[in-house]
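Welcome! Here is a short guided walk through one protein model, meant for someone meeting it for the first time.

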Amino acid sequence: MSHKTVLVTGGAGYVGSILVRTLLRRGYRVLCLDNLLCGGESIIDCWLHPRFQFFRVDVTKHAEVQRLLDLHPVWGVVHLAAIVGDPACKRSPELAMATNWEASVMLADEARERGASRFVFASTCSNYGKMAEGAGYVHEDSPLAPVSLYAELKVRFEKYLLQESPRKESFCPTSLRFATVYGVSPRMRFDLTVNEFTKELATGRELVVYGEQFWRPYCHVADFSRAILAVLEAPRKKVAYDVFNVGDTAENYTKGMILDLLTEHFPRGLIRRVEQLDDPRDYRVRFEKIRDRLGFKVSRKVPDGIKEIKAMLEAGIIGDPEDQRYYNIPHPRPA
């Protein structure tokens, strides 16, 4: 049986560490590329798998990436490696530019020229920015209004990948605009809304929340891998040079709604709601396109995520959730 080879950049990360396992279970050969900025414990159980290979390479080192692709021809690329999130990009704008734009363009060009069939790019629903109409929804054809460097670079590369780069019939690029992620992963993060809120209450601290009226869509980290797999395995004509939101229309929540769900699990939790009148990111998103075109549906919802994170922390699986390794930007230890 011949196994298709997929390169996963950022394969030891929050999303990548689940995707790597998903692909191995499906019979793919997986080349995992990561600079291990957040360590490599997340993929340790994949180490001895006969179809798994790891490369400690930073995606910004163009010559090293090109050499890897020369030595290991790939059928597909899933490009997750990035400086992730608004705060991290704001803190290191030059690194964000080198990683999220320059390295992404290089990787797409090299993959296309070397005959790769599939290229899946991890984009974001942050591309939509602030909804023009408070009560409405945005969808794949809505105007993009990025309000951060993180989203600006995602929009810029999406445009390059799907519209501006040389079109090749055998090449099938797809951009996935992911909802705000949450849930348990081998490379855990506690700097994401649902994860952070649950962690604060599970560890007995007061949770301070600003602007509870602002909307955002949410999606479990395990469902990201299922969506990527659905795109990789879809007929080319259904996904080539196209974009899909990843999530579920019913999973749009305000922060206030998430606090109400948390109160059910932490009836004695201390929550302080602070009024904030403006948030540049306020959007509700529709997800029918990926459901109707690819049959994709989420397997978990926000209440499931709260429950699993609460149980994990209460069991002591992560001894010190304030450790820097669980955060993408410097995390001062709470007093």
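A good place to begin is one pair of residues: threonine 9 sits opposite histidine 79, a residue of strand β4. This is a predicted model, so please read everything below in that light.

**Around strand β4**

Threonine 9 belongs to strand β1 (residues 5-9), which runs parallel to β4 and is joined to β4 by four bridges. Strand β5 (residues 118-124) also pairs with β4 in the parallel sense, again over four bridges. Two of the contacts between β4 and β5 can be named: glycine 76 has arginine 118 as its bridge partner in β5, and valine 78 has valine 120.

Are the residues of β4 buried or exposed? Gly76 and Val78 on one side of the strand are buried, and so are Val77 and His79 on the other, leaving both faces of β4 (residues 76-79) covered.

**The whole sheet**

Now step back to the sheet. In general, strands of a sheet pair through backbone hydrogen bonds, either parallel or antiparallel. Here, seven strands form an open sheet with parallel pairing, in the order β3-β2-β1-β4-β5-β6-β10. At the edges are β3 (52-56) and β10 (242-246), each of which pairs on one side only. On average, neighbouring strands of this sheet are turned by 20 degrees against each other, direction ignored.

Helices lie against this sheet too. Two of them are set out here.

| Helix | Strands touched or crossed | Angle |
|---|---|---|
| α5 (residues 149-164) | lies across β5, β6 (172-178) and β10 | about 155 degrees to β5 |
| α7 (residues 221-232) | touches β4, β5, β6 and β10 | about 160 degrees with β6 |

**Empty spaces**

Finally, look for the gaps. Rolling a probe the size of a water molecule over the atoms shows where empty space is left.

How many cavities of 30 Å³ or more are there? The count comes to one. The largest cavity has a volume of about 40 Å³, and its lining is made up of Leu69, Pro73, Val74, Ala111, Arg114 and Ala116. Five of these lining residues are nonpolar, none is polar and one is charged.

The second largest pocket holds about 200 Å³ of space. It is lined by 15 residues, and Pro186, Arg187, Met188, Arg325 and Tyr326 are the closest to its centre. The lining of this second largest pocket divides into nine nonpolar, three polar and three charged residues.

Key
Residues numbered from 1 in each chain as written. Predicted model: local features only at pLDDT ≥ 70, side-chain atom pairs only at ≥ 80, totals over all residues. Heavy atoms only, no water. Buried < 20%, exposed > 50% of the residue type's maximum accessible area, 1.4 Å probe, protein only. Pairing = 2+ DSSP bridges. 1 Å grid on protein atoms, 1.4 Å probe; cavity = no way out; pocket = protein on both sides within 12 Å on 5 of 7 lines; lining within 4 Å. Points joined across faces, edges and corners; volume = space filled by probe spheres on them. Nonpolar A, V, L, I, M, F, W, Y, C, P; charged D, E, K, R; others polar. Axes fitted to C-alpha atoms, helices over the stretch in contact; angles between N-to-C directions. Contact = heavy atoms within 4.5 Å.
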